[in-house]
Amino acid sequence: MKLHEYQAKSVFADAGIPTPDSQLAESTEEVLSAAESVGYPVAVKAQVQVGGRGKAGGIELVENDEEAREAADSILGMDLKGYTVERVLVEEAVDFVDELYVGVTMDRGEGKPVAMVSRKGGVNIEEVAEEDPDAIAREHVDPAFGLQPYQARRVVYDAGIDREVAGDVSSVLTTLFSLWDDRDASDTEINPLMVTSDGEVIAADAVMNIDEDALFRQAELAEMEEESYTDDLERKAGEYGFDYVRLEGDVGIIGNGAGLVMTTLDLVDYYGGEPANFLDVGGGAKADRIANALDMVFSDENVESVVFNIFGGITRGDEVAKGINNALEQFDEIPKPVVVRLAGTNAEEGMEILNADLVQVEQTLEEAVQRAVENAQEVHQ
Amino acid sequence: MSILVDEDTRVVVQGITGGEGKFHTEQMMEYGTNVVAGAVPGRGGQEVAGVPVYDTVSQAVREEDADASVIFVPPAFAADAIFESLDSELDLAVAITEGIPTQDMSKVYKRLSEVDTHLVGPNCPGLITPDEAKLGILPGNIFSSGNVGLVSRSGTLTYQVVDNLTNRGLGQTTAVGIGGDPIIGTSFVDALSLFEEDPETDAVVMCGEIGGEDEEQAAEFIAENMDTPVAGFIAGRTAPPGKRMGHAGAIVSGSGTGTAESKIDALNDAGVPVGDTPEEVADNVEDLL
């Protein structure tokens, strides 16, 4: 779960990290009154969860009412990489002399958190990591003990941060790590951490992503979750709780387990078809969930053919068959041909339950995928 | 021969009184697994499927001489259950639970380096030595005993590939589903090195997927340390770019690894044929044997 910049900033500010004065605004009038109270110059920043907002025209620096009105009119309602901008953050423009990068994430290879500091803030840090990896100082942290003060100092000095601000940067990093740890973040980032001419540091941006699996113990953050789908079908998948990604093709794919569903997509491609979606019903899906998955894929107008590929472990074939029957029996005519391949736990029971008048049954993954690809191709002939 | 489990493995099921715990305990016992105890706090003295339940894992170890655990405990309590297995000095702990917070697993991972227990999982189907024992949720009937080892990050993909192997008479020594989470106990390299040491394993199948760098590390290990031939499969060639790892994740290594292409290239460079379909993986195994 990704927090918006304004949400992450409020979490950072509450923890004591210096942030610029700012207000959220949803209309041009609100932008003007917010700018008035913050004081010009201000930055008007689109609040959508995509990177590279500045380059895409989602951030503008304005000096007066006229410019603020123009910026508000152009940014509010704009389409930014598929997301409609509904709100902007109106923020005090910080007069800076330097831009730094500070971040904490999980190094999955090491199984440990890693704290990172770089003098090359204010730019795409992934490009820095690619082109000049030594420009980012890294410090792995023992998860049982947390970031020690000497470690925070070491990574800050290793990054070549000026001695005058090193103490403040260490302190920001220490707080950022505590937040990462306490709030079950997958990553927290400040880019840039601006250094002012007075030698103070201030977080000019804020990134905080929370581990979805830990939301059960992060009630306060879970409440901040805002649905932000670019697509009605993805919204529907969110309501049903599916792992779903819409694609460009016409073969609808439903399966269990990310690896097997990805393989089914790969095979559709391999046999000359085009996947319409990735839909993983997850482990142990019961009949109603299976019926929802079919409903989901049927409601995609691009889909011409559906393939159901279930290899049961914790998922039981009889439950899957019941769900397919339930979903299909409501139609006088099946809207799109459905190929079913059931294997694994209770697959035999499932095959007995499955209403074979409503579906095409195939024994192997390869056969099922080829049949589904042919079904889609027939529509186009 | 086999790796990690055989007919002598004495299993305690943590979370045996839950729906999944009970169902799969019965399935495991039907398969022949020697389930000797359950462990559920507050449920000591009960019986599930004829198996005595204890309040703690250490009681199960003391009373029933358990040496391996299978964990069906909800995500909020699962890391604690794994710690309990590690602290009880079991040889093997298999965590089936999906959705354990990553930071909990980071602490577990740290503890693992201090004990001798092998952890398989979490978010995995478990492992099976055909005709001897299965620890987990794998459908036993698709496996057959033989000389091919299998290690996979994805549960259902494991079943798929095993089905392709079994259908043409390629039996398995042990099949291990290591799980797809960011932080897991047994890695590809750990499983591959166990297979390399197993005299009965004549070829290994390794099924990977996009994300992380485990497959690239495995390729390096295979090139440098393995005499046993390996056949590969990588899922996610057509996966949409939106499913890539999150923002800061890529910064750590500073390189664009983790794609299907980079993994397939790394494996090919290590002399591992990578099949385009699960059926082709079975073809490749036949060629290697």
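Here are some worked exercises on a predicted model of two protein chains, A and B.

**Exercise 1. Describe the interface of chain A and chain B: which residues touch, how much area is buried, and which polar links cross it.**

Step 1. Begin with the contacts. On one side stand 55 residues of chain A, and they are in contact with 56 residues of chain B.

Step 2. Turn to the area. The size of an interface is often given as the accessible area lost when the parts come together. For chain A and chain B, about 4,600 Å² is buried, with 58% of it on carbon and sulfur atoms.

Step 3. Look for charged pairs. The rule finds four salt bridges across this interface. For a pair to look up in your viewer, try A:Asp142 and B:Lys110, whose closest N and O atoms are 2.7 Å apart. That distance passes the test, because a salt bridge needs the nitrogen within 4 Å of the carboxyl oxygen.

Step 4. Count the polar contacts: there are 14 residue pairs between chain A and chain B, both residues being at pLDDT 80 or more.

Step 5. Ask what chain A brings to its side. Helix H9 of chain A (residues 258-270) gives the largest share, nine residues. By residue class, the side of chain A that touches chain B holds 24 nonpolar, eleven polar and 20 charged residues.

**Exercise 2. Divide each chain into domains, then work out how the two domains of chain B meet.**

Step 1. Split chain A into domain 1 (21-92), domain 2 (96-225) and domain 3 (232-380). Between domain 2 and domain 3 of chain A, the C-alpha centres are 42 Å apart.

Step 2. Split chain B into domain 1 (1-123) and domain 2 (139-289). Their C-alpha centres lie 25 Å apart.

Step 3. Examine where the domains of chain B touch. Here 16 residues of domain 1 are in contact with 21 residues of domain 2. About 1,500 Å² is buried between them, and carbon and sulfur atoms give 64% of that area.

Step 4. Check the polar links. The salt bridge count between these domains of chain B is zero, while four residue pairs are in polar contact, both residues at pLDDT 80 or more.

Step 5. Find the elements involved on the domain 1 side. Helix H4 (102-112) and strand E7 (118-120) of chain B each supply at least two residues. H4(B) gives the most, with five residues. The residues on this side of domain 1 of chain B are ten nonpolar, six polar and no charged.

**Exercise 3. Explain what the salt bridge between A:Lys120 and A:Asp132 ties together.**

Step 1. Read the distance: the N to O separation of this pair is 3.1 Å. Over all chains, the rule counts 29 salt bridges.

Step 2. Place the partners. A:Lys120 is in the loop between strand E8 (112-118) and helix H4 (125-131) of chain A, and A:Asp132 is in the loop between H4 and strand E9 (136-140), so the bridge joins parts that are twelve residues apart in sequence.

**Exercise 4. Locate two cis peptide bonds and a positive phi in the backbone.**

Step 1. In chain A, go from A:Tyr40 to A:Pro41, where the peptide bond is cis with omega near -5°. A:Pro41 sits in the loop between helix H2 (28-38) and strand E2 (42-46) of chain A.

Step 2. In chain B, the bond from B:Gly121 to B:Pro122 is cis, with omega near 10°. B:Pro122 belongs to the loop between E7 and strand E8 (126-129) of chain B.

Step 3. Finish with B:Leu4, a residue other than glycine that has a positive phi, near 65°. B:Leu4 lies in the segment before strand E1 (10-14) of chain B.

Note on methods
Residues numbered from 1 in each chain as written. Chains lettered and ligands numbered in written order. Predicted model: local features only at pLDDT ≥ 70, side-chain atom pairs only at ≥ 80, totals over all residues. Heavy atoms only, no water. Contact = heavy atoms within 4.5 Å. Buried area = accessible area lost by both parts, 1.4 Å probe. Salt bridge = Lys/Arg side-chain N within 4 Å of Asp/Glu carboxyl O. Polar contact = N/O pair within 3.5 Å; in protein donor to acceptor, adjacent residues only side chain to side chain. Helix = DSSP H or I, 4+ residues; strand = E, 2+ residues; numbered from the N terminus. Nonpolar A, V, L, I, M, F, W, Y, C, P; charged D, E, K, R; others polar. Domains from an automatic or database assignment.
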